[in-house]
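This report concerns a predicted model. Please examine the sequence and the coordinates before reading on.

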Amino acid sequence: MIRYALRRLATLIPLVVGLSVVVFLYIHMMPGDPVQAMVGRYASPELVEQVRHELGLDRPLQVQFAEWVTGLARGDLGITLRSRQPITPILIGRIPATLELAGAAFFISVVIGIPSGFVAGLMKDTKLDYIFSVTALAGLSTPTFWSGYLLVLLLSLRWGLLPSSGYIPMTEDLKQNLTYLIMPAFTLGIARAPYIAKMTRTAVVETLQEPFVEFSRAKGLKKQRILLRYVWRHALPSIAVVLGLHIAGLLGGSIIVEELFNWPGTGRLVVGAVLERDYFMVQATVLIYAVIVILINFMAEIVHAWLDPRVRLH
Amino acid sequence: MELIRRLRTNTLAFVGAIAIVIILLMAIFAPVIMPHDPNEVETADRFLPPGSEGYILGTDLLGRDVLSRIILGSRVSLLVAGVGVGMAVVIGVTFGVIAAFWAGWFEIIIMQIADVLYAVPTLMIALGVVGLFGRSVNAVMFAIGVAYSPLFARVCHSAVVSIRELGFVEASRAMGASRLRILWKDVMPNILPLIMVQVTVSISWAILQEAGLGFLGMSVAPPTPSWGTMLNEGREYFYSAPTMPLFTGLMVLIAVFSFNLFGDGLRDILDPRAWERLR
């Protein structure tokens, strides 16, 4: 098991190296002069050169790359273009809010998605399964800002049950924190639940086709026992992988949900950075998001191998 | 023709296909069916509620007709989604297929890049690209193209890898067929259904993506209406005038749902085993 984990870990190294190269090149892919775009069209050439020098963008590419990589190794993501503040502390300050939102949404989507997908898989080709498929597709097609808008209209504006947007840190007031969390978490969770449900359904349908299910049935085992004891266990490893892949979608979706509910997480940081043309910040956040996604997928694969010993042999 | 016959047996896919045709017709004949000039500013008629005289879906912050703007907006949204996915297909399929067929360093490097990009949420890639090139129609198309090409590269790569070892390909090779001939005559027909399904589904995501970018203020710049841009304009006044963004969002939902229904049905209709081979 440990050997498998190490082997998988080794395959991540080129991925992360490739990632840092692609992200580093981002700012250099801009057509025209990024510095000119930052300081504005009417800045004097002297100013442009001064800013370029201050940012270190006038040095050879390989020198810049070496510095960027050594900085990364020390956990230094560079400085922001606008305020020239170090990026790492800003980013770390934003992470708890996003983590809380993504975690709650993950929980909601799993609680809705796995049971409904499981039932639909068992009822394959029945009317219920049909209704399930259409509902899941409709759910996948619903823009998060739209369902979020509806929630705000009903729960905040009409019934006044929940605050429409904002954030209060958990450390300040836990109860308040939760009332602010409910709507964003539901918006994101409901948006992602159909995805998990569909994948769970596929896993269950595939499991039911396995010979061992037929054998247990022939042996006269009770249906419940077959389902809870064998089918579930067999479907679980592939669901674990799906949950890993689900995280990337969750993080992408949280960008819009954070913006909709004024949730001060990393998603809003990204949007702000793009709008302000703070390319260094964009680079840093893209890198962090990708690393998180890669790590979570790695963990999902390890769980997969742990649950399903056959995987380890490959 | 066979496709259409099979399509009719799958009710959902059929409904999706008809809805897509209607939406496309709406986009093509937008100037004819729009009840008002979508850019006509009428400050006296700002924020009229839906059902007002002459304005079925009401007006926006500048007194422009919401229905007309949604109809015209379909053009930019569908164009951006369609061309964007088209770019992704060209880039992704080319690199994916070549990588699978000319194994070696090229394959490793290309698939590594695809994997790297695949790890970044697509919305983030799109945001990054629009951040670099500005809010033009071309930039948004390119953003969608870049965001989705890794997906096509990966799908094609794994499909070709599983096909290239199959009996009939080996037979062609034994008969002395060139690589290009094998690629064209043996491999392409087999991955085409796969690509078609992926294209349909990706267009639905791309429409959603454009709307999302727009909501964040990063889609095509005004005054050209696209659904995304309209969502952004409606955002500021959402609490006082929620109907415009709600109707626009509903239109996005309908369009995305239609493509999803069609794509899902297409997957069942076209060789379903192709998907199993991939897993």
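The sections below treat the fold of chain B, a helix of chain A, and the contact of the two chains.

## Fold of chain B

In this predicted model, the secondary structure of chain B consists of twelve helices and zero strands. Its order along the sequence is accordingly written α-α-α-α-α-α-α-α-α-α-α-α.

Along the principal axes, the C-alpha atoms of chain B fill a box of roughly 75 × 45 × 25 Å. Chain B has 279 residues, of which 47% count as buried. When contacts in chain B between residues at least 6 apart in sequence are considered, 68% of them join residues at least 24 apart.

## Helix α5 of chain A

Helix α5 of chain A covers residues 87–122, which amounts to 36 residues. From the first C-alpha to the last, α5(A) reaches 50 Å, close to the 52 Å expected at 1.5 Å a residue.

The same helix, α5(A), carries a kink of about 30° at I95(A). The proline P96(A) follows shortly after this kink.

## Contact between chains A and B

The contact draws 37 residues from chain A and 37 residues from chain B. On the side of chain B that touches chain A, the elements giving two or more residues are α5 (105–119), α6 (122–133), α9 (179–215) and α11 (243–269) of chain B. The most is given by α11(B), with ten residues.

In terms of residue character, the side of chain B that touches chain A comprises 26 nonpolar, nine polar and two charged residues.

Conventions. Residues numbered from 1 in each chain as written. Chains lettered and ligands numbered in written order. Predicted model: local features only at pLDDT ≥ 70, side-chain atom pairs only at ≥ 80, totals over all residues. Contact = placed C-beta atoms within 7 Å. Helix = DSSP H or I, 4+ residues; strand = E, 2+ residues; numbered from the N terminus. Nonpolar A, V, L, I, M, F, W, Y, C, P; charged D, E, K, R; others polar. Expected span 1.5 Å × (residues − 1). Bend = angle between axes of the 7 residues up to and from the residue. Buried ≥ 20, exposed ≤ 12 C-beta atoms within 10 Å, placed from the backbone.
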